[in-house]
Amino acid sequence: MFAVDKHEMKIKFSLKYLLLTLLLFGIEVLIATVFKNNFFIRAYLGDVIVVMLLYTFVRTFLKINSIRLISGIFIFSCIVEFAQYFNIAEKLGFQKGSLMYIVVGNSFSWIDILCYAIGCLLLFVPVYLNRNTMRF
């Protein structure tokens, strides 16, 4: 009787995405600690993985259209990156070296945006291949 919007969002816990989130978070911690001196891994791979971490974190608690979520994560990542251009971490009063200063970031880079795009494209591939079911 009522049409259901296939793009609606529902609160639904997913153990699968929680475990993926914890795995990706662990990888990010390793990158920040063990691989902190490996420039390629720290600077590029970490940025590719962080968008995947955001995706799995959101999907842990919400059933949401994957394409919209991936697009939103990319836009959010770009906004954060452009905020770095304006030294937002310092303007918000975060101390250099503090957790929030590191999370927000402190230097704008087009390469970071490219890494976010690569991470989002890697998320999009299974969605595209599974486009009839949109289950990823």
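Colleague: Why does Asn-87 count as partly exposed?

Modeller: Its relative accessibility is 37%. Buried means under 20% relative accessible area, exposed means over 50%, and partly exposed is what lies in between (1.4 Å probe, protein chains only). Asn-87 has 37%, so Asn-87 is partly exposed. This is a predicted model, in which local features need pLDDT of at least 70, side-chain atom pairs count only at pLDDT 80 or more, and totals for chains, interfaces and linings use all residues. Residues are numbered from 1 along each chain as its sequence is written, and side-chain values use heavy atoms, with hydrogens and water left out.

Colleague: Where does Asn-87 lie, and what is notable about its phi?

Modeller: Asn-87 is in the loop between H3 and helix H4 (88-91). Its phi is near 55 degrees, a positive value in a residue other than glycine.

Colleague: What counts as a helix or a strand here, and how many does the protein chain have?

Modeller: Both are DSSP runs numbered from the N terminus: helices are H or I with at least four residues, strands are E with at least two. The protein chain has six helices and two strands, in the order β-α-α-β-α-α-α-α from the N terminus on.

Colleague: Is Thr-56 buried or exposed?

Modeller: Thr-56, which lies in helix H2, has a relative accessible area of 5%. That value falls under the cut-off for buried, so Thr-56 is buried. Leaving aside residues up to four places away in sequence, Thr-56 touches Tyr-17, Leu-20, Thr-21 and Leu-24; a contact requires heavy atoms within 4.5 Å.

Colleague: What about Leu-20, buried or partly exposed?

Modeller: Leu-20 belongs to helix H1 (residues 15-33). Its relative accessible area is 32%, so Leu-20 is partly exposed. Across the protein chain, buried residues make up 30% of the 136 residues.

Colleague: What makes H2 oblique to H3?

Modeller: Helix H2 (residues 39-61) and helix H3 (residues 66-85) pack at an angle of about 130 degrees, and their axes are 10 Å apart. Angles under 35 degrees count as roughly parallel, over 145 as roughly antiparallel, 65 to 115 as roughly perpendicular, and the rest as oblique. The angle of about 130 degrees is in none of the named ranges, so H2 is oblique to H3.

Colleague: Which residues make this contact?

Modeller: From H2 they are Val-51, Leu-54, Tyr-55, Val-58 and Arg-59, and from H3 they are Ser-66, Leu-69, Ile-70, Ile-73, Phe-76 and Ser-77. By class, the contact of H2 with H3 has eight nonpolar, two polar and one charged residues. Ala, Val, Leu, Ile, Met, Phe, Trp, Tyr, Cys and Pro count as nonpolar, Asp, Glu, Lys and Arg as charged, and the others, Gly among them, as polar.

Colleague: Why is H3 called roughly antiparallel to H6?

Modeller: The axes of H3 and helix H6 (residues 110-129) cross at roughly 170 degrees and come within 10 Å. That angle is over 145, so H3 is roughly antiparallel to H6. The residues in contact include Ile-67, Phe-74 and Glu-81 of H3 and Trp-110, Tyr-116 and Phe-124 of H6. They divide into 14 nonpolar, two polar and two charged.

Colleague: Which residues of H6 are buried, and what do they pack against?

Modeller: In H6 the buried residues are Asp-112, Ile-113, Cys-115, Tyr-116, Gly-119, Cys-120, Leu-123 and Val-127. The buried residues of H6 pack against H2 and H3.

Methods. Axes fitted to C-alpha atoms, helices over the stretch in contact; angles between N-to-C directions.
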